[in-house]
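The following note sets out several points for a colleague's consideration. It concerns side-chain packing, aromatic pairs and enclosed space.

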Amino acid sequence: MSENVRSAQSGVMKAAGILVIANFLSSILGYVRDIIMSSVFDMSSTTDAYNAAFTIPDLIYTILVGGGISAAFIPVFSSYLAQKKYEDGYRMASTILNIVAIVVALVCVVGEIFTPKLLPLVVDFENWTPEAISLTVTLTRIMFFQCFFMCLTGICMGILQSYKDFAPPSIGSVLYNLTIIGVGVLLLTLGTGIAGFSIGVVAGSIVNLIVQIIPIQKHGFKYKRVIDLDHEGVKQFFRLLGPVLVGIAVTQLNLIVNRRFASSQGEGILSNIIQAQRIMQLPINIFAYAIAMSIFPTMVEHYANKDTESYKQDLSLGIRNVTFVILPCAVGLIAIRTPLIRAIYLQGNFSKENVPTLATLLALYCCGMIGYSIRQVLLQGFYAIKETRTPVTINIFILFLNMLLTAIFVKFWGANGIATAYGVAGIVSAVTQRHFLKKRIGSIRHLEIKESMLKCATCCAVMFIVITASIIIFEHNLSVESKKMQLIEVMSLVGVGGLTYFGMAMALKMEELTSIIRVFKRKFTHSS
């Protein structure tokens with residue numbers, strides 16, 4: 001491997017490292033919040049109401065900001081910075097910021113007024129009590145306020161990332177969840193119930209926005225009170241944004257389909273489904289998203305310079321690194337599903353009967369983890385070549401596939417059918433995207449990806465056997481009734497699984513591991 005390629009890999013890994021650490025801390029805090037709520041309220045109609053209330057505000061934020069900015073805003077604004085056309089860049093960015101502020105403010109007002117009419121579109125209230133429905137409406141109205149602040153935050157994060165400043169967005173996401181916990185627990189002691197956490201969501205979004213605004217000014221960005229729809233950068237932004245928004249909306253509809261089916265399965269099922277999804281999403285958010293976003297600017301640069309081979313190398317590196325990290329996470333979670341759920345959730349009012357239910361759902365969702373992770377990389381591959389329509393078409397197909405499979409599987413397996421359909425849809429999505437991207441750019445270094453995946457699968461198979469045997473030995477010789485022993489068991493299993501996987505990877509001389517070791521050696525050498 002050439003020194004230039006090694007240097008590129010090192011740069012990608014360093015960029016990904018910042019995002020990995022931030023996503024990890026933010027996600028952990030998110031689970032701390034969930035654990036606190038489940039220990040106080042169990043998986044009940046109260047937590048169902050809280051999770052259902054998140055659906056519409058979260059959907060608005062994700063559609064408007066969560067992906068659209070990175071795919072449309074960053075390339076356009078970055079090009080102005082690269083060409084040193086700062087005033088044009090400020091005018092373009094300020095226009096987008098002002099438009100988003102006005103649109104989201106109007107959406108929030110409409111949402112506040114029509115909340116009772118909107119909720120039945122995403123939640124099946126047929127088996128819900130009037131009290132639970134009323135609570136859901138109240139919590140949704142509270143959380144609508146976060147949309148305004150979070151959408152402005154998203155634009156600010158796009159500006160900072162264009163300056164290649166990842167620290168404020170990272171700190172902001174951590175403080176967001178920390179504020180939710182702090183405010184939620186404080187108000188809980190004052191008797192607000194679960195509504196305190198909804199108020200915490202709004203407070204967290206305000207803190208997150210403040211954290212982004214201050215460093216933007218330090219970079220010299222000059223905000224302008226203008227809406228220039230004739231600006232070429234604004235036109236280019238909307239040309240790129242349209243198909244991306246449709247694709248993101250369709251992806252979010254997949255989650256809504258899951259939640260709607262889950263809300264009709266009985267009390268507590270919606271909360272179990274959401275918790276299983278969140279655990280499954282944790283490695284994706286921490287690793288897959290970080291890797292995909294870290295290679296995106298490099299892919300854009302290489303393709304723009306007509307260096308297609310380097311672009312394919314970037315894409316191959318992303319797919320291989322994602323597989324190397326995500327596949328053992330998925331297999332490991334499946335192996336330790338029951339000890340993990342027992343250690344994290346079995347406390348307070350969380351019932352023991354919920355452990356196998358949640359553990360089974362987690363295992364089924366994890367089957368699709370690798371598909372959704374590779375899809376993150378392939379999406380950035382499409383966006384780097386400014387192809388946004390093909391992913392939209394694929395996402396629409398996957399939406400209908402998920403709906404069809406969910407409707408069929410629910411009849412046979414109930415809630416487990418929802419998780420199974422979602423997992424299958426994720427794998428089909430990755431395969432389909434790879435097929436159409438290959439048709440557009442040619443072979444994506446197929447042999448090296450195939451070899452890497454086979455080695456990963458081998459390592460994971462050995463790891464699964466070792467973890468399963470360790471569970472049998474541990475629980476046969478030691479009691480896991482106390483919380484201390486439950487946590488020790490999970491940490492021991494994670495340690496044994498990790499050592500086994502990395503030991504096998506070293507034995508098979510996997511490039512993905514040796515490149516990581518090289519980065520650490522360089523950092524250690526430079527710091528010595």
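**Note on the predicted model**

1. T323 lies in helix 10. The model is a predicted one, and in it T323 is buried, with a relative accessible area of 2%. Setting aside residues up to four places away in sequence, T323 touches P328, I370, I374, M453 and C456.

2. Helix 10 also contributes to an aromatic pair, formed by F324 and Y501. Is each of these two residues buried or exposed? Both F324 and Y501 are buried. Their ring centres are 5.5 Å apart and their planes stand at 50 degrees, so the pair is tilted. An angle of under 30 degrees would have counted as stacked and one of over 60 as edge-to-face. F324 belongs to helix 10 (residues 308-335) and Y501 to helix 17 (residues 483-507); the pair therefore ties together parts that are 177 residues apart in sequence.

3. The count of aromatic pairs comes to 14. Another of these is the pair of F73 and F237, whose ring centres lie 6.3 Å apart with planes at 85 degrees, so this pair is edge-to-face. Because F73 sits in helix 3 (residues 68-82) and F237 in helix 8 (residues 232-263), the pair ties together parts that are 164 residues apart in sequence. F73 and F237 are both buried.

4. F73 and F237 are also members of one aromatic cluster, in which they are joined by F77, Y86, Y90, F221 and F238.

5. Helix 7 (residues 195-218) has 24 residues. From its first C-alpha to its last, helix 7 reaches 37 Å, close to the 34 Å expected at 1.5 Å a residue. After helix 7 comes G220, whose phi is positive, near 90 degrees.

6. Enclosed space should also be considered. Rolling a probe the size of a water molecule over the atoms shows where empty space is left. The count comes to three cavities of 30 Å³ or more, and the second largest cavity holds about 50 Å³ of space.

7. Which residues line the second largest cavity? The lining consists of D34, M37, S38, T47, Y50, N51, I194, Q275 and R278. Helix 1 (3-41), helix 2 (45-64) and helix 9 (269-304) each supply at least two residues of this lining. By class, the lining of the second largest cavity has four polar, three nonpolar and two charged residues.

Key:
Residues numbered from 1 in each chain as written. Predicted model: local features only at pLDDT ≥ 70, side-chain atom pairs only at ≥ 80, totals over all residues. Heavy atoms only, no water. Phe/Tyr/Trp six-rings, centres within 6.5 Å; stacked < 30°, edge-to-face > 60°. Helix = DSSP H or I, 4+ residues; strand = E, 2+ residues; numbered from the N terminus. Buried < 20%, exposed > 50% of the residue type's maximum accessible area, 1.4 Å probe, protein only. 1 Å grid on protein atoms, 1.4 Å probe; cavity = no way out; pocket = protein on both sides within 12 Å on 5 of 7 lines; lining within 4 Å. Points joined across faces, edges and corners; volume = space filled by probe spheres on them. Nonpolar A, V, L, I, M, F, W, Y, C, P; charged D, E, K, R; others polar. Expected span 1.5 Å × (residues − 1). Contact = heavy atoms within 4.5 Å.
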